[in-house]
Amino acid sequence: HAMDSKVGEVLLYYCYCEVKNPEKLCAWQKALCQHLHLTGKVRVASEGINGTVGGSKVATSLYIEVMLSQPLFKDILCREDFKSSAGGAHCFPDLRVGVFREIVPMGIDPKIVSYKETGIHLSPQEFHREVEQYLSQASQGQSDTVLLDCRNFYESKIGHFQGCLAPDIRKFSYFPSYVDENLELFKDKRVLMYCTGGIRCERGSAYLRSKAVCREVYQLKGGIHKYLEEFPDGFYRGKLFVFDDRYAICSNEDTISACRYCGTLWDQYKLCSSQHCRQLVLTCPSCCNKGLTACCPVCQEKELKVTSRASGQTLKEECECTRRRPRVPIEHVSQRILDAGK
């Protein structure tokens with residue numbers, strides 16, 4: 001049956017707009033996805049909708065048509081706002097549609113920092129030129145620009161723009177504190193921001209602008225997704241992390257990260273093998289064969305103990321490697337910016 005075929009795609013999109021009745025939109029959205037046999041995650045809020053869904057090509061193209069004709073999004077959402085990659089319904093365990101306060105969890109009330117205060121959007125071509133200019137200036141040690149990755153450390157670890165500043169944060173909700181703690185970094189700077197599909201930049205740039213320290217704030221429209229469509233071999237190196245069972249999609253053959261255990265180049269994530277843990281780990285096939293399959297030695301030890309306990313108790317807990325990581329790193333920037341161009 002065409003809706004269930006394996007050769008499909010995963011769509012990523014968002015739309016900021018006023019939603020008077022989020023519960024109603026949520027119910028409609030759920031019914032639509034179920035009807036089209038789509039799996040994935042959709043967040044609805046009074047500030048809009050954010051979704052990533054997978055299914056057959058027939059289903060995803062029907063989904064786009066219906067979304068474009070929905071009166072709420074009619075004049076705001078356009079075909080280009082849907083980013084697609086090879087995949088399908090099998091990329092997600094199930095379908096989850098829910099109502100939330102924010103369509104991307106920054107942890108700040110949308111009434112206080114609104115997507116309406118966002119930075120200046122640059123097309124992939126414009127962003128590419130800006131990065132090119134930034135890298136050539138930075139290599140001469142004289143840049144007034146910060147190239148900022150607003151994703152989490154495990155995302156930027158396997159792929160990022162050359163010369164970027166990638167905060168060592170675990171969740172986007174730590175991003176505002178990161179900005180607060182590192183305001184000096186951004187003082188009088190032109191900031192070029194990017195994320196996976198553009199949505200985190202919408203609120204992230206608004207937050208940064210609310211601090212009134214930057215000269216200008218720019219953001220990559222459509223995110224890394226759209227950039228890679230135009231420049232598969234551009235200034236973004238490595239893989240693109242995605243929030244589904246694929247973990248990463250690839251546009252160039254570069255591997256920029258290493259196995260956690262032996263240091264050999266490796267960029268394919270697995271879930272930590274320890275039952276109570278939700279961390280991702282980079283562990284290469286030969287280390288896996290040696291049984292090194294947990295996110296850190298402490299977890300590896302614990303796994304042996306936990307297995308002997310009565311199962312059924314799966315506790316998500318913060319692991320040693322997370323507990324020891326500062327929640328919000330303070331950057332010592334002068335050197336870092338100088339090294340950026342290298």
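This passage walks through the domains of a predicted model and then through some of its strands and helices.

A good place to start is the overall division of the chain. The domain assignment splits it into domain 1 (9-99), domain 2 (120-249) and domain 3, the last of these being given as two segments, 269-306 and 314-324. Between domain 1 and domain 2, the C-alpha centres are 25 Å apart. Their contact draws on 19 residues from domain 1 and 16 residues from domain 2.

How big is the interface between these two domains? The size of an interface is often given as the accessible area lost when the parts come together. For domain 1 and domain 2, the buried area comes to about 1,300 Å², with carbon and sulfur atoms contributing 53% of that value. On the side of domain 1, three residues deserve a look: Y14, Y16 and K83 together provide 38% of the area that this domain buries against domain 2, more than any other three residues. The interface also holds 1 salt bridge by the rule applied here. A salt bridge links E47 with R203, and their closest N and O atoms are 3.9 Å apart.

Attention now turns to strand β10, which spans residues 216-220. Of its 5 residues, 4 are buried, so the strand is mostly covered, buried being under 20% relative accessible area. Strand β10 has a parallel partner in β6 (residues 120-122), with 3 bridges between the two. Within this pairing, I120 has Y218 of β10 as its bridge partner. Strand β9 (residues 190-194) also runs parallel to β10, and 4 bridges join them. Here L192 is the residue that stands opposite Y218. To get from β9 to β10, the chain passes through helix α7 (residues 199-210), making a right-handed β-α-β crossover.

Helix α8, covering residues 223-230, is likewise a mostly covered element, with 6 of its 8 residues buried. The buried residues of α8 are G223, I224, H225, K226, Y227 and L228.

A last stop is S177, which is found in helix α5 (residues 175-181). Is S177 buried or partly exposed? Its relative accessible area is 24%, and because buried means under 20% and exposed over 50%, S177 counts as partly exposed. S177 can also be viewed together with R327: the two residues are 150 residues apart along the chain, while their C-alpha atoms are separated by 9.2 Å.

Definitions and conventions:
Residues are numbered from 1 along each chain as its sequence is written. This is a predicted model: local features need pLDDT of at least 70, side-chain atom pairs count only at pLDDT 80 or more; totals for chains, interfaces and linings use all residues. Side-chain values use heavy atoms; hydrogens and water are left out. Buried means under 20% relative accessible area, exposed over 50%, partly exposed in between (1.4 Å probe, protein chains only). Two strands pair if DSSP finds at least two bridges between them. A crossover is right-handed if, with the strands pointing away from the viewer, the path from the first strand over the helix to the second runs clockwise. Domain bounds come from an automatic or database domain assignment. Contact means heavy atoms within 4.5 Å. Buried area is the accessible area (1.4 Å probe) that two parts lose on being put together, summed over both. A salt bridge is a side-chain nitrogen of Lys or Arg within 4 Å of a carboxyl oxygen of Asp or Glu.
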